[in-house]
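Good morning, colleagues. I would ask you to look at the structure on the screen while I go through a few of its features.

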Amino acid sequence: MANSPRPLVAGNWKMNGLKAALTELTAMAKAYDPGLQGKADLLICPPSLWIPAAVSQLQGSGIAIGAQDCHPQPHGAHTGDISAPMIKDAGASHVIVGHSERRSDHGETSEMVKAKAEAAMAAGLVAIVCVGETQDERQSGRAKDVVGEQLRHSWPMGAKASTLVIAYEPVWAIGTGLTPTSADVADMHGFIRQECERLAPGQGNNMAILYGGSVKPQNAAELMNVPNVNGALVGGASLKASDFMAIVEVYR
């Protein structure tokens, strides 16, 4: 793959997986051989209570573990929330913030996403900031306006290529089986790349920009070869080692 940022394939398990699901991690680790390790980074974001077990199980495998959200404050009276320092202390290295399901289900604004991303970076985590438009917004010709605004207002201060990953997930493609055309993905990722470089001169061109939204083994090769696509944020297909590793195999 010709893109300069090192590819990252991240699995977002969302609210799925009991303890037995951790056996899938063993199969992933076995399939993530030195050949693949030299080509792409792997990350799994399980439900938070499984982070310590996942970290222990994947010790020495080269597969990183992340969280699906964090609170913007490092500690305090925030019942039910988990802070970035706690996630770091549990052994994780990344955290997803601003996923469309958080923005819609929990009413998270881009300003809140920015605060969470900054908290993640302050704790020594890599923040994966998600952006994406709805179907109505795309059909009305406002996709780039929406994504650009989300990106600008979610952008954490002091972001570098080593501390920030952007994930473009068109909301209408998440879990629906629908995917934009390769041309649409290339157009949006090219736009995001320009915005990243504008927001972080000298860093944006080296930031990984992931595509997410119904990524599966059948379409992974096409999507991962689109210019400025530096990997994937995978939902349902990351729950099974065979499906997830089939996606990763496109980088072999």
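Helix 6, residues 110-122, packs against helix 8, residues 143-154, at an angle of about 45°, and their axes are 7 Å apart. This is a predicted model, and what I report today was computed from it. With that angle, helix 6 is oblique to helix 8, because values between 35 and 65 degrees are neither roughly parallel nor roughly perpendicular. The crossing of helix 6 past helix 8 is right-handed.

Which residues make the contact? On the side of helix 6 they are Ser 110, Glu 111, Val 113 and Lys 114. Helix 8 contributes Gln 150, His 153 and Ser 154. By character, the residues of this contact comprise one nonpolar, four polar and two charged.

Let me stay with helix 8 for a moment, since Val 146 lies in it. Is Val 146 buried or exposed? Its relative accessible area is 11%, which is under 20%, so Val 146 counts as buried. Apart from neighbours within four places in sequence, Val 146 is in contact with Gly 132, Glu 133 and Glu 137. Glu 133 is 13 residues from Val 146 along the chain, and the C-alpha atoms of the two are separated by 6.2 Å.

I turn now to the nonpolar cores. The largest of them has 67 residues. Met 28, Trp 155, Ile 166, Ile 192 and Phe 244 are the residues with the most contacts inside that core. For Phe 244, setting aside residues up to four places away in sequence, the residues touched include Val 9, Ala 10, Gly 11 and Met 28. Also among them are Leu 42, Leu 43 and Ile 44, together with Val 234, Ala 237 and Ser 238. There is a second, separate core of 13 residues, and Ile 96, Ile 128, Ala 167 and Leu 233 are among its members.

Finally, I would draw your attention to two loop residues. Ser 214 sits in the loop between strand 7, residues 209-212, and helix 10, residues 217-224. Its phi is near 60°, a positive value in a residue other than glycine. Asn 228 is placed in the loop between helix 10 and strand 8, residues 231-234. The phi of Asn 228 is near 70°, again positive in a residue that is not glycine.

How accessible are these two residues? Ser 214 has 16% relative accessibility and therefore counts as buried, the limit being under 20%. Asn 228, at 22%, lies between 20% and 50% and so counts as partly exposed.

Technical notes:
Residues numbered from 1 in each chain as written. Predicted model: local features only at pLDDT ≥ 70, side-chain atom pairs only at ≥ 80, totals over all residues. Heavy atoms only, no water. Core = buried A, V, L, I, M, F, W, Y, C linked by side-chain atoms within 4.5 Å. Buried < 20%, exposed > 50% of the residue type's maximum accessible area, 1.4 Å probe, protein only. Contact = heavy atoms within 4.5 Å. Axes fitted to C-alpha atoms, helices over the stretch in contact; angles between N-to-C directions. Helix = DSSP H or I, 4+ residues; strand = E, 2+ residues; numbered from the N terminus. Parallel < 35°, antiparallel > 145°, perpendicular 65-115°, else oblique. Left-handed = near helix turned anticlockwise from the far one by under 90°. Nonpolar A, V, L, I, M, F, W, Y, C, P; charged D, E, K, R; others polar.
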